[in-house]
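User: I would like a close look at a single part of this model, with enough of the surroundings to place it. Please keep it plain.

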Amino acid sequence: MTDALSKLLSTRDWLMADGATGTTLFNMGLQSGDAPELWNADHPDRIRALYQGPVDAGSDIFLTNTFGGNASRLKLHDAQGRVRELNRLGAELGREVADKAGRPVVVAGSVGPTGEIMAPMGPLTHELAVEMFHEQAEGLKEGGADVLWVETISAPEEYKAAAEAARLAGMPWAGTMSFDTAGRTMMGLTSADMVTMVNKLAHKPLAFGANCGVGSSDLLRTVLGFTAQGPEIPVIAKGNAGIPKYEDGHIHYDGTPELMAKYAVMARDSGAKIIGGCCGTTTEHLKAMRAALENTPAGPRPTLEQITETLGGFSSASDGTGEGVPEPRTRRRRRG
Amino acid sequence: MSDEEDDIILSELDNEELVQQMHDDLYDGLREEIEEGVNILLERGWQPYQVLTEALVSGMTIVGNDFRDGILFVPEVLLAANAMKGGMAILKPLLAETGAPRMGKMVIGTVKGDIHDIGKNLVSMMMEGAGFEVVDLGINNSVDAYLEALEAEDADILGMSALLTTTMPYMKVVIDTLNEKGKRDDYIVLVGGAPLNEEFGRAIGADAYCRDAAVAVETAKDFIARKHNQMAAG
């Protein structure tokens with residue numbers, strides 16, 4: 001049986017994913033420092049409303065409120081014993097909303113990073129990471145998620161652990177990393193490196209790509225980096241709506257719906273097949289993006305110059321691919 | 001690997017070469033070699049403070065600059081910091097004994113709700129690498145935890161870190177509380193984390209936003225120098 005995401009991917013040229021979860025929940029009264037996932041049990045109506053937003057704005061895929069739903073993250077709130085429950089509830093509410101949409105909408109079970117550093121640099125072993133992701137995956141599966149949606153990952157080891165967990169849960173999956181440090185992930189992975197890594201996975205994702213990071217310009221440069229490698233797996237672009245600003249006790253992102261509409265079209269022209277937003281992307285942004293994607297004919301791949309002209313400058317001169325990559329210090333002598 | 005260049009005998013290098021080699025070894029994150037180098041310099045009669053500044057701090061400055069410039073990334077910096085730590089463990093008791101100059105004391109931790117401590121750990125290590133005393137409160141800190149530690153430790157600097165847009169507003173809660181208690185001006189408040197920027201730092205009333213660990217060290221030095229100047233003038 002084919003999963004819902006594969007079906008949609010096979011029938012459409014592009015799909016629109018959703019926008020921000022955290023930003024929306026703050027606007028509903030989530031307090032800074034509280035665990036959003038607890039609302040799956042405590043405020044199901046607000047979570048339904050969270051999911052309904054992108055569905056009404058035209059998203060084909062939305063992510064569940066389970067980003068921090070692994071044992072390592074929930075431990076902060078002394079809820080490490082509720083991983084299965086909170087993920088199941090998050091997916092169930094999603095299933096409910098998606099099934100009433102009147103068109104195919106994919107419930108993507110969000111899986112965020114553990115927040116720990118993987119061995120050998122840090123304490124988290126591959127086995128432990130797989131176990132944590134697997135526990136979360138089973139909850140999402142039980143609640144009826146169509147796919148697992150791994151996001152905001154920095155370490156290749158963690159991405160691989162999530163892939164392994166998806167295999168163990170028997171779930172199709174998609175996975176994006178966050179390229180927020182000089183065009184690479186925090187751990188130094190380039191866009192080209194990610195394509196190489198994804199190609200080597202035993203349990204390959206249905207789609208891979210980038211989310212969050214710095215701004216929409218950087219994100220598109222990353223997408224161009226992916227597509228330059230000619231990947232066979234569809235590419236996901238989920239960029240932030242600009243840069244966060246602090247106003248009246250709230251985080252506000254400065255990217256307008258018009259800007260995100262341009263970003264969406266450029267993302268598609270850059271070769272992304274699944275296009276959405278991340279932090280700061282509201283339903284207003286999504287509506288503008290949907291309209292732009294429907295009403296703008298496909299164009300040629302944008303150049304880096306066109307991206308900066310339209311969306312603003314990059315956060316770094318190089319993203320670690322192609323020409324002009326800064327070289328490490330020349331050691332006097334190398335040791336073995 | 002076994003070519004001729006593997007056979008570097010640290011004790012056979014003269015002081016200048018040894019310090020250069022230690023900079024390389026820090027860059028490559030070789031902890032045992034750094035420990036050995038520190039011991040050799042001490043045996044040769046170097047003051048602990050000189051070993052700290054010329055061999056370790058200068059070496060970590062190179063690491064910090066390349067991190068800032070997007071040449072090194074977190075894994076390499078973690079390794080370098082680990083090597084630095086090995087050297088520091090030897091020097092720390094000796095520095096206290098010899099009454100070496102003190103740079104200042106920082107209380108640091110990630111804010112309530114945030115367990116992402118990679119950036120915080122880097123800042124912590126680089127600050128120690130630059131000679132600061134660091135009291136690391138770990139993750140998930142409430143206002144009370146920060147305030148108690150600042151007082152108990154008689155700190156000069158408060159460092160707060162957040163990686164999530166859902167947790168970064170908590171920094172303002174901490175700063176507002178310091179203001180309410182009339183203690184804001186007692187401390188230099190530095191903030192950092194991936195989703196933050198300079199404007200955010202200003203908006204919540206921090207003294208500075210620090211883009212990365214290398215910038216945090218420079219900023220801290222700068223503010224401490226200004227504080228000393230003020231005290232001298234006042």
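Against which elements of chain B do the buried residues of helix 7 of chain B pack?

Analyst: The model is predicted, and what follows is computed from it. The buried residues of helix 7 of chain B pack against two helices and two strands of the chain: helix 6 (143-153), helix 8 (198-204), strand 3 (157-161) and strand 4 (188-192).

Helix 7 of chain B covers residues 170-180. Its buried residues are B:Tyr170, B:Met171, B:Lys172, B:Val174, B:Ile175 and B:Leu178. A residue counts as buried here if 20 or more other C-beta atoms lie within 10 Å of its own, so B:Lys172 is on the list by the count around its C-beta position. After helix 7 of chain B comes B:Gly182, which has a positive phi, near 70°.

The setting of the helix is chain B as a whole. Chain B has nine helices and five strands, and their order along the sequence is α-α-α-α-β-α-β-α-β-α-β-α-β-α. Helix 7 and the four elements it packs against all belong to this chain. Among the contacts in chain B with a separation of 6 or more, 73% join residues 24 or more positions apart. Of its 234 residues, 52% are buried.

As for overall dimensions, the C-alpha atoms of chain B fill a box of roughly 60 × 40 × 25 Å along the principal axes. The radius of gyration of chain B is 19 Å, which agrees with the value near 17 Å for a compact globule of 234 residues.

Chain A gives a second reference point. It contains 13 helices and ten strands. Its radius of gyration is 19 Å, close to the 20 Å from the globule rule for 336 residues, so chain A is as compact as a globular protein of that length. The C-alpha trace of chain A spans about 60 × 50 × 50 Å along its principal axes. Buried residues make up 59% of chain A, and 80% of its contacts with a separation of 6 or more are between residues 24 or more positions apart.

Chain A has a helix 7 of its own, at residues 126-142, and A:Phe133 lies in it. A:Phe133 is buried because 27 other C-beta atoms lie within 10 Å. Leaving aside residues up to four places away in sequence, A:Phe133 touches A:Asn70, A:Val111, A:Ala161, A:Ala162 and A:Ala165. A:Val195 is 62 residues from A:Phe133 in sequence, and their C-alpha atoms are 22 Å apart.

Note on methods
Residues numbered from 1 in each chain as written. Chains lettered and ligands numbered in written order. Predicted model: local features only at pLDDT ≥ 70, side-chain atom pairs only at ≥ 80, totals over all residues. Rg over C-alpha atoms; globule rule 2.2 N^0.38 Å. Buried ≥ 20, exposed ≤ 12 C-beta atoms within 10 Å, placed from the backbone. Contact = placed C-beta atoms within 7 Å.
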